[in-house]
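Please open the model in your viewer and keep a selection panel at hand. The tour below moves from one selection to the next and says what is to be found at each stop.

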Amino acid sequence: MAAPSSGADDTRQKAAAYTWKNVRIDGGGFVPGIVFNRAEKDLAYARTDIGGAYRWQESSRSWTPLLDSVGTYTNDWDPGKGAVLRSADRGETWKKADLPFKLGGNMPGRGMGERLAVDPHDNRVLYLGAPSGHGLWRSTDSGATWSEVTAFPNPGNYRQDPGDSTGYASDNQGIAWVTFDESTGTSGSPTKTVYVGVADKENAVYRSTDAGATWSRVADQPTGYLAHKGVLDAENGYLYLAYSDKGGPYDGGKGQVWRYATRTGAWKNISPATDADTYYGYSGLTVDRQHPGTVMVTGYSSWFPDTQIFRSTDSGGSWTGAWSYGAYPERTNRYTMDISSVPWLSWGANPSPPEQSPKLGWMTEALEIDPFDSDRMMYGTGATVYGTRNLQQWDSGGKFTITPMVKGLEETAVNDIAAPPSGAPLLSALGDIGGFRHTDVTKVPPLMYTGPNFTSTTSLDYAESRPDTVVRVGQLDSGPRIAFSGDNGANWTAGKEPSGVSGGGTVAASADGSRFVWSPDGTGVHTSGDRGASWTASTGIPQGAVVESDRAHPKTFYGFKSGTFYVSKDGGATFTAKAAGGLPAEGPVRFKAVPGKAGDIWLAGGKAGGTYGLWHSTDSGASFTRVQGVQEADTIGFGKAAPGSRHQTLYTSAKIDGVRGIFRSTNAGKTWVRLNDDAHQWGWTGAAITGDPRIYGRVYVSTNGRGIVYGDFNSPD
């Protein structure tokens, strides 16, 4: 039976002094927006879909993260409303203006934009295009307060999948972008002519000529497509529009590029390719402000053989592509790529022509030429930010060089992490890019796990007494979804799958590496004694249970599901449900056994409004004791003991004595020290946490879009 523990009355001590850094991966996610400031040289910002915003630091040629926590979804299960954050010091500090509706950085159509725009003549005036049918909003006090522009007639109507019951793909993608015609204003007064893009295939572009008082649909505009971007060249009087038949960022099978003459009202189709040759949509769009007749656009959804970037130096009269076919399948590229700073971008691939490695990109919805430097361009992909500093070689017949421009921008979603007592200091399980063996956390790893290369790794484990033995599981379109390593994750061999597996689930390695227990998606728990060559169904444990191993006894495995704890003493062949009550029956639960101590288990999890907290067992799960003072806990991990302590250090992402944070305990949970502060919160940190068994005080923290963060204790000594 669960019972309260006896610990000290004040379980939370003074915060520790910590230095926080990212485990370097460099990128790893979609960058749908890049904005150069047109008034200040070298000032640029990037927005990610799940990792917040960043500011470019030219001196170090790296990105500085600006946000720790932003909303990502508009689904019902995310209760938070949206907000506009404003900063007067380039993102060092922020003030917040709450909105009466949700904003979702990771929603369909997130590559369109920009939805938030500042009037270039009167910076007190801002417009925000809202999703979900909430229309166009305006601020006249530099973003402090907002009100709906009730005169705007169309909140949009495009939904990726109207039948999606989750609310994700059925969300109205709303107002896509706002663009000002600078030629119609003077400094200190609102710009008179404003263009707005709407997610409506029949009515995609609207205009106001009286500073937003009244609006009308732009006459004679093309229909049948969504205008992903609208970029205005005020000098020549052209509004360029990149269209796609879908909202993106993944889909898009047809598209066009149009030019609207703002002075005459004439429309012209200036698409770089004929409709018959177009199998993608257009999105990334930029004008060279030093040479306004130069315009570039991307075929963002050209997945095969590669994305495409087009360039025109005559306002769209003629175009050239970044690559073209010679004698098919051979390609002629106008560029070279140097990924030596982020070598994993090759994915270890050696494709057949016309595909190449590394790829030029995919999901290329962000494309910007530096307004002060015609040679510098940046563009975002589904995995990184690429760029060049000699772009004009394109026009002179030479080749421009593309390199990653992503240092400091850490965007991976972390599913699991492990810190073995020997070998690499860290192993990671990541969404989208699989994961890495991190031999040096200050350097970019050369390559993700391969053989096989999972799209996402969901769980991994090593054998406690033989840490060269490692197992990982994950997602792959066509199996296998499990792999084994005998050299600490450097090389891998795929295992076979039990029948019915549809996803990675969770996996555990015995303390001596002789057995493995796998709880995959799609079928029940199974055990193997031959590294996945064959599998036997476990009994006594339900499908979907989370599994872990004892870190001392090689035949003991554990499982948990819906409030019940399960134990196997025969290598995972049979499990027995334990009678321990009081454990959370709802919400995610994560638990781990203490290295080297048989039967010592810590369990974290639950659901707000229900049973939620941290529990400890010293008898292999026969009974659990709730840890006092811990109102909520999502993760538990272990690290090297403090000097003079007989207990391994505990780490958790939790709410303790009313405060949310990353906590450490050196006395088996009797007292806790908060390690982070309010400036270091990194959004959601509830997937995984681990200390370092070799370095006292070091903790590795998972995030959902800010990569792996690690902290080191600033010892007073």
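Over the ring of which residue does the charged end of Arg 472 sit? In this predicted model, select Arg 472 together with Trp 492: the charged end of the arginine sits over the ring of Trp 492, at 4.3 Å from the ring centre.

Keep Arg 472 on display and add Ser 459, since Arg 472 is among the residues that Ser 459 touches, as are Asp 416, Ala 429, Val 471, Val 473, Gly 505, Thr 506 and Val 507, with residues up to four places away in sequence left out of the list. Ser 459 belongs to strand β36, which covers residues 456-463, and its relative accessible area of 5% falls under the 20% limit, so Ser 459 counts as buried. If you draw a distance from the side chain of Ser 459 to the backbone nitrogen of Val 507, you will find 3.1 Å.

Now widen the selection to the sheet around β36, in which four strands follow one another in the order β36-β37-β38-β39, forming an open sheet with antiparallel pairing. At its edges stand β36 and β39 (493-494), and because each has a single partner strand, one side of each is left without a neighbour in the sheet. The partner to look at is β37 (residues 466-475), which runs antiparallel to β36 and is joined to β36 by seven bridges; one place to see the register is Tyr 462, whose bridge partner in β37 is Val 470.

The next stops are aromatic, chosen from the 33 aromatic pairs that the structure holds. Select Trp 347 and Trp 362, whose ring centres lie 5.6 Å apart with the planes at 75°, so that the pair is edge-to-face. Both residues lie in the loop between β28 (335-337) and β29 (366-369), and the pair therefore ties together parts that are 15 residues apart in sequence. Is Trp 347 buried or partly exposed? With a relative accessible area of 22%, Trp 347 is partly exposed, whereas Trp 362, at 17% relative accessibility, counts as buried.

Move on to Trp 518 and Trp 535, where the ring centres are 5.5 Å apart and the planes stand at 55°, so this pair is tilted. Trp 518 is in strand β41 (residues 516-521) and Trp 535 in the loop between β42 (526-528) and β43 (536-537), so placed that the pair links parts of the chain 17 residues apart; Trp 518 and Trp 535 are both buried. For a cluster linked by ring pairs, select Tyr 18, Trp 20, Trp 682, Tyr 696 and Phe 713.

Finish at strand β5 (residues 44-47), colouring Ala 44 and Ala 46 for its covered face and Tyr 45 and Arg 47 for its uncovered one. To one partner, strand β4 (residues 33-36), β5 is joined by four bridges in an antiparallel run, with Phe 36 having Ala 44 as its bridge partner in β5. To another, strand β6 (residues 53-57), β5 pairs in the antiparallel sense over three bridges, and here Arg 47 has Ala 53 as its bridge partner in β6. Finally, centre the view on the hairpin that β5 and β6 form, with five residues between the two strands, and pick out Gly 52 in the turn, which has a positive phi of about 80°.

Notes:
Residues numbered from 1 in each chain as written. Predicted model: local features only at pLDDT ≥ 70, side-chain atom pairs only at ≥ 80, totals over all residues. Heavy atoms only, no water. Buried < 20%, exposed > 50% of the residue type's maximum accessible area, 1.4 Å probe, protein only. Polar contact = N/O pair within 3.5 Å; in protein donor to acceptor, adjacent residues only side chain to side chain. Contact = heavy atoms within 4.5 Å. Pairing = 2+ DSSP bridges. Phe/Tyr/Trp six-rings, centres within 6.5 Å; stacked < 30°, edge-to-face > 60°. Lys NZ or Arg CZ within 6 Å of the ring centre and 35° of its normal.
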